[in-house]
Amino acid sequence: MDLTNLHSVSACEAARLVSDGLISSVDLVEACLARVREVDERVQAWAFLDPESALAQAKAADEFRLSGQPIGPLHGVPVGLKDIIDTADMPTENGSVLHAGRTPSRDAAVASRLREAGAIVMGKTVTTEFATRTPGKTRNPHDPGHTPGGSSSGSAAAVAAGMVPLALGSQTTGSTIRPGSFCGVYALKPTHGLISRRGMFQLSRSMDHVGLFARTIEDVALLLESLVGYDEGDPDTRPRARVPYREIVGAEPPLPPMFAFVKTPRWDRVEPDAKDAFAELVERLGERVEEVELVQADDAYRWHETISGPEVALNLRREWEHGRDGLSKALQGRIERGRAVPGHEYLAALARVPAFVAGLTELFEQRYDAILTPSAAGTAPKGLESTGDPAFCTLWTLAGTPALNVPLMQGANGLPLGVQLVGPRHGDARLLRTARWLVAQLRT
């Protein structure tokens with residue numbers, strides 16, 4: 001078998017090839033490492049990468065498969081982890097000089113689940129400072145003069161550049177969807193509490209989500225199915241019946257989906273070429289899409305900041321009190337603003353979120369399969385001083401609804417331009433199925 005392009009195969013295909021014995025995990029990991037050597041000097045997606053460790057894991061996976069014991073759905077498949085996800089065998093430095101050399105004693109819940117599924121933890125991908133907005137070293141793989149987005153910059157870039165088929169990130173405002181859009185890959189922010197965040201750096205309990213990156217929708221479903229589950233170490237997870245994500249995603253929708261096109265109150269920030277692209281998309285969808293304006297959407301932006309600000313300040317209080325000079329000026333300002341929010345305003349904002357979520361739920365129950373909205377204001381901005389505007393992700397992070405970047409379009413400059421699909425809470429499988437229908441529809 002030709003092994004020259006193994007780095008570019010999907011995770012589903014890679015898992016099948018390894019399971020059937022057509023390739024070894026060592027073959028696959030070696031191909032990905034060769035791709036890293038080829039492109040990462042330009043992209044700089046990795047915060048930590050030990051090729052010997054990755055190959056040792058792959059060799060052990062191959063030996064395990066040959067033993068005849070049952071193997072997991074990701075057996076032998078390499079995955080990148082954002083450097084806010086604890087790993088017992090690798091450093092986790094949270095993108096900050098204050099945590100340089102930090103070596104956790106145990107794996108985060110998602111790292112444990114990946115290993116149980118047979119995945120190879122390839123290495124740690126670059127994050128912005130404490131998963132906020134001060135950029136790391138990563139560059140956009142499509143044009144290194146442009147940002148890859150953030151805060152999950154390394155994860156999105158590594159998948160887009162073919163260095164790994166799958167990666168994990170996080171989202172507290174727009175840290176998964178935006179880099180997915182800028183780098184041109186599928187990026188899922190699942191329902192809040194669907195995947196455990198135990199062992200990940202906590203920025204805001206109310207807003208933090210695990211993020212998933214892949215190059216196909218089927219790969220997103222495979223990764224999601226391997227990660228979902230109750231964990232008593234994360235108080236926002238709940239025991240739930242198992243959902244066959246891959247089976248649902250592979251099925252045809254019982255009816256052609258209906259989309260609610262939501263421009264949001266930030267539509268004036270959208271770049272002209274992105275507005276043109278969305279106009280063309282809406283025209284293509286015809287009677288399957290209707291423009292909808294959300295009630296209280298403008299207020300919801302303020303609620304997000306009022307809730308997340310104090311929580312960020314709380315979770316970074318140790319760094320603030322003992323290492324303030326090691327924080328960026330931007331993060332210092334964010335902490336100061338969070339510390340200044342009165343308690344009654346924080347609690348009032350929290351109390352308003354359920355009604356906002358209920359309004360979205362009613363929208364889905366009455367008519368629509370998914371909300372269609374921009375992932376970002378346009379393509380990746382030029383320069384590396386900023387990770388871009390997260391405004392088009394804020395509402396869905398606040399609501400805890402699943403959101404998916406679908407890499408459907410290009411901007412006038414040729415860079416990727418994503419479409420964001422949003423579904424009801426715990427409608428993650430249906431959202432992925434709707435996205436697959438949309439992609440197939442637009443390819444005909």
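1. In this predicted model, strand 9, which covers residues 370-374, is joined to strand 11 by four bridges, and the two strands run antiparallel. Within this pairing, Leu372 has Leu421 of strand 11 as its bridge partner.

2. Strand 11 is also paired with strand 10, residues 403-410, through six bridges, and here too the strands run antiparallel. One position to look at in this second pairing is Asn405, which stands opposite Gln420 of strand 11. Strand 10 and strand 11 form a hairpin with five residues between the strands, and in that hairpin Gly414 adopts a positive phi near 85°.

3. As for the surroundings of strand 11, which spans residues 416-422, seven of its seven residues are buried, and the strand is described as mostly covered. The burial applies to both faces: Pro416, Gly418, Gln420 and Val422 lie on one side, while Leu417, Val419 and Leu421 lie on the other, and all of these residues are buried. Gln420, the residue opposite Asn405, and Leu421, the bridge partner of Leu372, therefore both count as buried, each with under 20% relative accessible area.

4. Turning to helix packing, helix 2 (residues 25-43) packs against helix 3 (residues 51-66) at an angle of about 160°, and their axes are 8 Å apart. Because angles over 145 degrees count as roughly antiparallel, this angle makes helix 2 roughly antiparallel to helix 3. The crossing of these two helices is right-handed.

5. The contact between helix 2 and helix 3 is made on the helix 2 side by Ser25, Val26, Val29, Glu30 and Leu33, and on the helix 3 side by Pro51, Ala54, Leu55, Ala58, Lys59, Ala61 and Asp62. Sorted by class, the residues of this contact comprise eight nonpolar, one polar and three charged.

6. A second helix pair has another arrangement to check: helix 10 (residues 297-315) and helix 12 (residues 329-339) pack with their axes 7 Å apart and at an angle of about 110°. Since angles of 65 to 115 degrees count as roughly perpendicular, helix 10 and helix 12 are roughly perpendicular to each other. Helix 10 passes helix 12 in a crossing that is left-handed.

7. In the contact of this second pair, Ser308, Gly309, Pro310, Val312 and Ala313 of helix 10 meet Arg334, Ile335, Gly338 and Arg339 of helix 12. The contact of helix 10 with helix 12 divides into four nonpolar, three polar and two charged residues.

Notes: Residues numbered from 1 in each chain as written. Predicted model: local features only at pLDDT ≥ 70, side-chain atom pairs only at ≥ 80, totals over all residues. Heavy atoms only, no water. Axes fitted to C-alpha atoms, helices over the stretch in contact; angles between N-to-C directions. Parallel < 35°, antiparallel > 145°, perpendicular 65-115°, else oblique. Left-handed = near helix turned anticlockwise from the far one by under 90°. Contact = heavy atoms within 4.5 Å. Nonpolar A, V, L, I, M, F, W, Y, C, P; charged D, E, K, R; others polar. Buried < 20%, exposed > 50% of the residue type's maximum accessible area, 1.4 Å probe, protein only. Pairing = 2+ DSSP bridges.
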